[in-house]
Structure formats: structure tokens, C-alpha cells
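The following exercises concern a pocket and a sheet. Each task is followed by a stepwise solution.

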Amino acid sequence: MSFFRTLVSSLYDFRWLGSVRKEGKKAWMYFVLFMLVVAILHSLPLLWQIPRGIEKLESAIVTEVPEFSAETQGGVLSVTALEQPFTRSYGDPGEADSFVVVVDTVTTTTLDIKDFLENDTMSGILVTRTGATFYEASQSQTRIQEWRDVPNGTFTRTDLIAIVGKVTGVMGYLIAPFIMLFMFVFWGIAKLIYLAIVSLLVKIIALIGKRTWSYGEIFTVGLFALTLPTLLKLLLHWVYLPIAGAYTLILGGYMIAAVFLDGKNTPAPTPPA
């Protein structure tokens, strides 16, 4: 059976799902190919977004970043040739992609990146003498990079422009394939772990319903049944409309339907009293 025919059948045919419960080899082959297709589809926008974004970044650095010279020594950063504190905002403060950059390696007291944000939708980076703090507003996450983990050295505006210039070349187009490979491996492992958990729950339901399915057969069906919830999740990602629990409900529902609608399925015999 071709890949696309299997994909279509996995979308709606519960009896077909039940009929392939013993075809583990085909299920694994389908899962690998399907996850590769999903990773490619998810990465396609990056093929033009990343190079354009990098080119835009290079242009912004050339026109917006003033002269500076930074040196790390013994876990402490010092910046010269730059009036500090240096604060520069990018984008409309009311927009979700607004960003602020703050550099202050002179102040010795503890600074908080959130003190420089104009609203809850603004992200930013705060560079101090001991480290850099990154705040992502969309996920409300803060990450800290301490300079003690960075080797001693110097870094100037000229070095920054040179690095970005190299990235905008061939590397700008190689990032997307690397991201695609990462998605393929990471998502594949994550989905298998989650499927193992859902399969265990479906196995319990099958035992309650006196169905003779083994755990392996349920897991095999799950490798096909994750088609629709995965595609739906991808679509919702594209339209920025996440629906909590949709993936689990659809995957579990399809697997349970396959177990109880399989024409060849027989109830487990009731043990004699």
C-alpha cells in the first residue's frame, strides 16, 4: 500500500486501523516517512524567513549599532567606546515583536530586564558586567548567560558585522535543513514517548471492554492514528490557534475506535466462575 493511500486511510477509516494492528514493520516505516514529511512542511517557511531575517539583522546592525569594544576577563565584561547605560528599542512597543536592548557594564548593583520593558508584550536583552539576560515575552521565559562561562577575549562592532555577514551567505540557507533534521529527531522521539503512554491508557480501556488486543497491537495502530492529530496540530500552529488537549483527544479517540470497531475483534472470554 502506498504512503499516501495509507495516510488517507489513517485519517478516517477506523476499521482499516484495526485491520493493520499486526503490521508493525509497515507501521514503523510509515511513521518515519510521515514524520519526515511533517518536519519538511514545518520547515518550509524557514527557507525564506531565515535568510530574510538575517539580512534584515545585518542591515539593522550596520545602521543601528554604534561603535563599541567589549572585553571579557575573569568572568567580567567591560564595554568601552559606548556611552552607558545604552538603551535601544526596536519595533512598535504595542506590537508583539517589539524588542529592547540594554547595555550597562558600569552599574555594580543588580539590574532587572523587566524594569526596561514598556509592556508585557515586549522582549529584550540586558547586558551587564556579569552576564546577559534574555527575556522572551511570548513564552514569559527568562534565560541568563553568565560571562564566567565565556573565555577571555575581545569583541568589537567590526567583528559583529563580519560574523553576521558570513551567516547571511551560505549558512543562512543551511540553517533550515538543520532545523528540519532536529525537528524530525526530536518530534519523533517525543511522539513515540507520548504514544507509549496513550497506548497504555487505551490498553486499560480495552481490558475493561474485554478486548483481546495486546499492548503492541495498540501501539502499532497508534503509529497510524497519530496522522490526523499531528496534521491538525501543524495547521493550528500555522494559523496561531493552539487548542489545548486536541491532540490527545483525537489520538486517543482514534485508537479506542479502532479497538472497538475492528470487525475481526472478539471479546476476551469470561473466565469460569
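**Exercise 1. The second largest pocket**

The second largest pocket has a volume of about 520 Å³. Determine which residues and elements line the second largest pocket.

*Solution.* Step 1: a pocket is, on a 1 Å grid over the protein atoms alone, an open set of points where a 1.4 Å probe fits, with protein on both sides within 12 Å along at least five of seven lines; lining residues have an atom within 4 Å of a point.

Step 2: the lining comprises 22 residues, and those closest to the pocket centre are Lys191, Lys233, Leu234, His237 and Tyr247.

Step 3: two or more lining residues come from each of helix H3 (24-43), helix H5 (157-208), helix H7 (227-238) and helix H8 (246-261). H7 gives the largest share, seven residues. Helices (H or I, at least four residues) and strands (E, at least two) are DSSP runs.

The model is predicted: local features need pLDDT of at least 70, side-chain atom pairs count only at pLDDT 80 or more, and totals for chains, interfaces and linings use all residues. Residues are numbered from 1 along each chain as its sequence is written, and side-chain values use heavy atoms, without hydrogens and water.

**Exercise 2. The open sheet**

Establish the strand order of the open sheet and its edge strands.

*Solution.* Step 1: strands pair if DSSP finds at least two bridges between them.

Step 2: five strands form the open sheet, in the order E3-E4-E5-E6-E7, with mixed pairing. Strand E3 (86-90) and strand E7 (141-146) are the edges, each pairing on one side only.

Step 3: strand E4 (residues 99-104) and strand E5 (residues 123-128) run parallel and are joined by six bridges. Opposite Val102 stands Leu126 in E5.

Technical notes: Grid points are joined across faces, edges and corners, and a volume is the space filled by probe spheres set on the points.
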